[in-house]
Amino acid sequence: MTSTQTPQLPALRFLKGHGTENDFVIVPDAENAVDLPPAAVARLCDRRAGIGADGVLHVVRSAAHPEARHMADEAEWFMDYRNADGSVAEMCGNGVRVFARYLEHAGHVTAGDLAVATRGGVKRVHLDKDGAVTVSMGRAVLPEAGVTVTVDGRSWPARNVNMGNPHAVAFVEDLDHAGTLFTEPPYEPASVYPDGVNIEFVVDRGPRHVAMRVHERGASETRSCGTGACAVAVATARRDGADPAASGTPATYTVDVLGGTLVITEHPDGAIDMTGPAVIVAEGTLDPEWWTAPGGIETVNA
């Protein structure tokens, strides 16, 4: 190479996928060679200047990531999930389904059972041949401390449900009462959620059938939230007097989100299954000049 030649920059491959219209940029990076600083994630998720998404699914082998090496014996792949603002998140239920669909799309797994490592622990996934994906979401924790959520002068008590990430579930008369959800609805006391919270607004649609809107922490309103749908199902079951641990009978709820429908089942042992679609819609490469610009993505260990 002469001094006048410009070095060839490597292309960064990406895919785009969604689960009930909760959409993600997927960055395959088996050996954890790509550094994704918050500013780069935000650029990727920007719906006008980037690809556009509710978050980024960084696909890394568990053994190659310092936060996941302890799970490598259980799960080969780690979902290094980032919110649209670049912040790190513990879990994303719709993201796990899309993550699993990508692994199948890439030929890393086939239909059937697999395990995915997340910051919220190892999640068990079943890929159905008909296209549906079921994720074992773990167990809900129901802290006693709740909050009051207020929008446009209306206030509601919100049930505290933790699904590996925090949720506040408020039952309302009309989903429009949630307002625009461009910004996080205020809640008190703020000390209940020191790291922020996902806030769900819920209305009844029929027996064991509800609809919700959600403001996701770090992402504004999204078309769907898998952990939020699970939190809503558990909170609704308790409101309805249903507790599978006490009755010995599973409780299944249909949860409508803006982007589709999820089916949530809570089992007597506390385990929660979520079933819904996951779709890969596009793939390509990022323009090298764009992603190596200041504030962009850096390749390390290359």
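This report walks through a predicted model of one protein chain, from its overall build to single residues.

## Overall build

The chain has five helices and 20 strands. Its radius of gyration is 20 Å, close to the 19 Å that the globule rule gives for 302 residues, so the chain is as compact as a globular protein of that length. Along the principal axes, the C-alpha atoms fill a box of roughly 75 × 45 × 30 Å.

Contacts across the sequence matter to this picture too. Take the contacts with a separation of 6 or more. Of these, 62% join residues that are 24 or more positions apart.

## Surface and charge

Of the 302 residues, 51% count as buried. The accessible surface of the chain comes to about 13,100 Å². Carbon and sulfur atoms account for 50% of that surface.

The chain carries 24 positive and 40 negative charges. The mean positions of the two sets are 2 Å apart.

## The nonpolar cores

In soluble globular proteins, nonpolar side chains tend to be buried together. Here the largest nonpolar core has 52 residues. Met79, Met212 and Ile264 have the most contacts inside this core. Helix α3, residues 226-239, supplies the largest share of the core, with eight residues. A second, separate core has 19 residues. Val192, Tyr193, Phe201 and Val203 are included in this second core.

Met212 shows how varied the partners of one core residue can be. Neighbours within four places in sequence are left aside here. Among the contacts of Met212 are Leu175, Glu200, Phe201 and Val202. Cys225, Gly228, Ala229 and Val232 also touch Met212. So do Val255, Asp256, Val257 and Leu258.

## Backbone exceptions

Most residues other than glycine have a negative phi, and most peptide bonds are trans. Three places in this chain are worth a look on that score.

The peptide bond from Glu188 to Pro189 is cis, with omega near -5°. Pro189 is found in the loop between β12 (187-188) and β13 (198-206). Glu21 is not a glycine, yet its phi is positive, about 70°. Glu21 lies in the loop between β1 (12-19) and β2 (22-28). Its relative accessible area is 35%, so Glu21 is partly exposed. Arg208 also has a positive phi, near 50°, and is a residue other than glycine. Arg208 sits in the loop between β13 and β14 (209-216). With a relative accessible area of 38%, Arg208 is partly exposed.

## Two buried glycines

Gly93 lies in helix α2, residues 93-105. Its relative accessible area is 0%, and buried means under 20%, so Gly93 is buried. Gly93 touches Met137, Gly226, Thr227 and Met274, not counting residues up to four places away in sequence. Gly93 and Ser224 are 131 residues apart in sequence. Their C-alpha atoms are 9.6 Å apart in space.

Gly17 lies in strand β1. At 0% relative accessibility, Gly17 also counts as buried. Leaving aside neighbours within four places in sequence, Gly17 is in contact with Asn22, Asp23, Phe24 and Ile26, among others. The list of contacts also includes Val98, Val279, Ile280 and Val281. Gly17 and Arg124 are 107 residues apart along the chain, and their C-alpha atoms are separated by 20 Å.

## Two exposed residues

Ser191 is in the loop between β12 and β13. Pro189, which follows the cis bond, is found in that loop as well. Ser191 has 62% relative accessibility, and exposed means over 50%, so Ser191 counts as exposed. Ser191 and Ala145 are 46 residues apart along the chain. The distance between their C-alpha atoms is 9.8 Å.

Asp113 is found in strand β6, residues 112-118. With a relative accessible area of 67%, Asp113 is exposed. Asp113 touches Val125 and His126, not counting residues up to four places away in sequence. Asp113 and Gly17 are 96 residues apart in sequence. From C-alpha to C-alpha, they are 20 Å apart in space.

How values were computed: Residues numbered from 1 in each chain as written. Predicted model: local features only at pLDDT ≥ 70, side-chain atom pairs only at ≥ 80, totals over all residues. Heavy atoms only, no water. Helix = DSSP H or I, 4+ residues; strand = E, 2+ residues; numbered from the N terminus. Rg over C-alpha atoms; globule rule 2.2 N^0.38 Å. Buried < 20%, exposed > 50% of the residue type's maximum accessible area, 1.4 Å probe, protein only. Contact = heavy atoms within 4.5 Å. Areas by Shrake-Rupley, 256 points an atom, 1.4 Å probe, with all protein chains shown as cover. Lys, Arg positive; Asp, Glu negative; His and termini not counted. Charge placed at Lys NZ, Arg CZ, Asp CG, Glu CD. Core = buried A, V, L, I, M, F, W, Y, C linked by side-chain atoms within 4.5 Å.
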